[in-house]
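Subject: Structure handover

Hello,

Here is the structure you were going to take over. My notes follow below it.

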Amino acid sequence: MALSGHIGVTFDFNDTASSPGLETIKKVRLAKDSAFTAGQVAVLSGTADNSQLNIDLQDLTYRNAAGDLVSFSTVYRIAFQCDPGATLRFTGNSERLNSNNNNIALTCCIPGDDQLKISTTAGTSSYILAVYGE
Amino acid sequence: MSVAGSISVAVDFNDTASDEGLEVLKKIRLASNDAYTAGKSVVLSGTCDTTAVLIDIFSPGYTAADGQEVTFSEATDIKRIAFSAEPAANMSSTGLLGLQLSSRDSSVSISSMPMGIYPLSGGELEVKTAGAFGQNPTAEYVVVIYGT
C-alpha cells in the first residue's frame with residue numbers, strides 16, 4: 001500500500017482604494033501547500049444533528065486501498081466540510097472548528113486526542129470528514 | 001474601498017495497493033473555492049509565547065487600503081478565520097466553547113464562522129504557544145480574517 005497527496009490552502013484578497021490621482025492596493029495572501037508521501041487517510045461522511053455524534057479515530061469502518069481497516073494512533077490534519085453547517089471538536093477540546101455552506105475547515109492536531117464530536121446547533125447537516133495521520 | 005478575493009482549500013490523496021496483477025486506487029479529493037466581491041480583510045502577525053497575545057476582533061488594529069481602521073460591528077460579521085504559525089502555536093477565542101485552531105510548520109488552519117451559537121462570544125482571539133508536546137516556547141504567527 002502507498003499513499004501520496006497534498007493539502008493546499010490559499011487565502012487571497014485585494015483591498016483597493018482610490019482618491020483623485022491616487023490608487024492604493026493592499027494585498028493579503030496566505031498560502032501553504034503541504035505534500036505527503038506516507039501515512040494513512042480516511043474519509044467519513046453522514047448526517048449530524050444537535051446530539052453529539054462521536055467518532056473514534058481508532059475504531060473506524062473505513063478501509064484503505066488494500067482492504068484493511070484504517071486506525072489512527074496520531075492525527076496530523078483534519079478537513080471538515082458541512083452543509084448547512086456544523087462544528088467539529090476533539091473531546092479534549094484541543095481543536096474546535098466550524099464549516100458552513102460547504103466551506104472546508106482545516107486544522108492540524110495536537111497529538112494524543114483521537115475522539116471527535118460533530119454537532120449542529122439546531123437541525124441537521126451533512127458532513128464530510130477527511131483525516132490524515134499515522 | 002473595495003475588496004475582492006478568494007479562499008480555496010484542497011485535500012487530495014491517492015491511496016494505492018497492488019497484489020498479483022490487481023491494482024487498486026482509492027482517491028480522496030475534498031475541495032472548496034469561494035469567491036468574495038465585498039467585505040473586509042485583516043492580516044495580523046507577530047511573535048507569541050506561552051503568554052497569550054490578545055486580538056480584539058471588533059478593532060483588530062489593521063488599516064485598510066483607504067487608510068481607515070478596519071472594524072467589525074458584530075461578532076457574526078466575521079465569516080472566515082485563517083491561522084498559521086512557525087514552528088507551532090494555538091489560536092482560540094476567549095468566549096465559551098469558541099474557535100480553537102492549531103498550526104505547525106506554517107500549515108494554514110481555517111474555520112468558517114460563526115460557530116453555531118458561539119460567534120466569538122468573548123470578543124477576543126488569543127494566540128500562544130502551549131509549551132508542551134515539544135513545542136518551542138515562542139513562535140511566529142499570522143492571523144487572517146475575512147468579514148463583512
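The main pairing between the chains is β1(A) with strand β1 of chain B, residues 2-19, which run antiparallel over 15 bridges. Please keep in mind throughout that this is a predicted model.

One residue pair fixes the register of that pairing: Ile7(A) lies opposite Val11(B) in β1(B). The two strands belong to an open sheet of four, ordered β2(A)-β1(A)-β1(B)-β2(B), with antiparallel pairing. At its edges are β2 of chain A and β2 (22-36) of chain B, each of which pairs on one side only. From one strand to the next the twist averages 5°. Within chain B, β1(B) and β2(B) are antiparallel and joined by 15 bridges. There, Ala10(B) has Ala31(B) in β2(B) as its bridge partner.

The interface

Counting contacts, 53 residues of chain A meet 52 residues of chain B. On the chain A side, the elements that give two or more residues are β1 (2-19), β2 (22-36), β3 (40-48), β5 (75-83), β7 (96-100), β8 (104-108) and β10 (125-133). Of these, β1(A) gives the most, with 16 residues. Sorted by class, the side of chain A that touches chain B consists of 26 nonpolar, 21 polar and six charged residues.

Chain A as a whole

Chain A has zero helices and 10 strands, so its pattern along the sequence is simply β-β-β-β-β-β-β-β-β-β. The radius of gyration is 18 Å for chain A, whereas a compact globule of 134 residues would have one near 14 Å. Along the principal axes, the C-alpha atoms of chain A fill a box of roughly 65 × 40 × 25 Å. Of the 134 residues in chain A, 40% are buried. Among contacts in chain A with a separation of 6 or more, 65% are between residues 24 or more positions apart.

The nonpolar core

The largest nonpolar core has 69 residues, and the members that touch the most others are Phe80(A), Val131(A), Val143(B) and Val144(B). Strand β10 of chain B, residues 139-147, supplies the largest share of this core, with seven residues. Leaving aside residues up to four places away in sequence, Phe80(A) touches Leu88(A), Leu97(A), Ser99(A), Ile104(A), Ala105(A), Tyr127(A) and Leu129(A).

A closer look at Ser6(B)

Ser6(B) is part of strand β1 of chain B. Why does Ser6(B) count as partly exposed? Ser6(B) has 14 C-beta neighbours inside 10 Å, and the partly exposed class lies between the cut-offs of 12 or fewer for exposed and 20 or more for buried. Across the two chains, Ser6(B) touches Asp12(A), Asn33(B), Asp34(B), Ala35(B) and Tyr36(B), again not counting residues up to four places away in sequence. One of these, Ala35(B), is 29 residues from Ser6(B) in sequence, while their C-alpha atoms are 4.3 Å apart in space.

That is what I have on the structure for now.

Regards

Methods
Residues are numbered from 1 along each chain as its sequence is written. Chains are lettered from A and ligands numbered from 1 in the order in which they are written. This is a predicted model: local features need pLDDT of at least 70, side-chain atom pairs count only at pLDDT 80 or more; totals for chains, interfaces and linings use all residues. Two residues are in contact if their C-beta atoms, placed from the backbone, lie within 7 Å. Ala, Val, Leu, Ile, Met, Phe, Trp, Tyr, Cys and Pro count as nonpolar, Asp, Glu, Lys and Arg as charged, and the others, Gly among them, as polar. Two strands pair if DSSP finds at least two bridges between them. The radius of gyration is taken over C-alpha atoms; the globule rule is 2.2 Å times the number of residues to the power 0.38. Axes are lines fitted to C-alpha atoms, for helices over the stretch in contact, and angles run from 0 to 180 degrees between N-to-C directions. A nonpolar core is a set of buried Ala, Val, Leu, Ile, Met, Phe, Trp, Tyr and Cys residues joined through C-beta atoms within 7 Å.
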